[in-house]
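Colleague: I've got a model open on my screen and I'd like to learn how to read it. Could you walk me through a feature or two?

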Amino acid sequence: MGPEIQSTEEETDSLIELLIYPGKDGSFIYYEDAGDGYEYEKGAFATVPIHWNDQSRQLVFGKRDGSYPGMKEKLDFSIILVGGGLGYGLTEAGEQAVIVEYDGNEQEVSVRVD
């Protein structure tokens, strides 16, 4: 999730909020492109595989694949484990969020709520 924007050309440095609904393992691919044309059809996009291990409460960001003009070198994620009143829409990061600065390399993050 991210902030509401009017156009893909609108710059934002806001955190990308990932909500984790615990109970099972899960995986998805985060996709990004320039958002301003059809260059993605020619391969100008990037993907990041992300995997949740429910038992260990580990979130693994895989190595970024691909690139496009204007791509940010780093992405900032706010990871929220849903439950106990957390994770119902965009929230302030607060103490319960794990903030991750992703630089394109594989990264493993422990996500625990005390």
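Modeller: Happy to. Keep in mind that this is a predicted model. Let's begin with Phe61, which counts as buried because its relative accessibility is 0%.

Colleague: And which residue does Phe61 form an aromatic pair with?

Modeller: First, the general idea: a pair of aromatic rings is described by the distance of the centres and the angle of the planes. The structure holds six aromatic pairs. In one of them, Phe61 meets Phe77, with 5.0 Å centre to centre and 45° between the planes, which makes the pair tilted.

Colleague: What does that pair tie together?

Modeller: Phe61 sits in strand β4 (residues 58–61) and Phe77 in strand β6 (residues 75–81), so the contact joins parts 16 residues apart in sequence. Phe77 is buried too, at a relative accessible area of 0%.

Colleague: Which residues do the ring pairs link into a cluster?

Modeller: Tyr30, Phe61, Phe77 and Tyr102.

Colleague: Okay, now sheets. What is the strand order in the open sheet of three strands?

Modeller: In general, strands of a sheet pair through backbone hydrogen bonds, either parallel or antiparallel. Here the order is β1-β6-β7, and the pairing is mixed. β1 (16–20) and β7 (98–102) are at the edges with a single partner strand each, so one side of each has no neighbour in the sheet. On average, neighbouring strands are turned by 30° against each other, direction ignored.

Colleague: Are β1 and β6 parallel or antiparallel?

Modeller: Parallel, over five bridges. To find your place there, look for Ile20, which stands opposite Leu81 in β6.

Methods
Residues numbered from 1 in each chain as written. Predicted model: local features only at pLDDT ≥ 70, side-chain atom pairs only at ≥ 80, totals over all residues. Heavy atoms only, no water. Phe/Tyr/Trp six-rings, centres within 6.5 Å; stacked < 30°, edge-to-face > 60°. Helix = DSSP H or I, 4+ residues; strand = E, 2+ residues; numbered from the N terminus. Buried < 20%, exposed > 50% of the residue type's maximum accessible area, 1.4 Å probe, protein only. Pairing = 2+ DSSP bridges. Axes fitted to C-alpha atoms, helices over the stretch in contact; angles between N-to-C directions.
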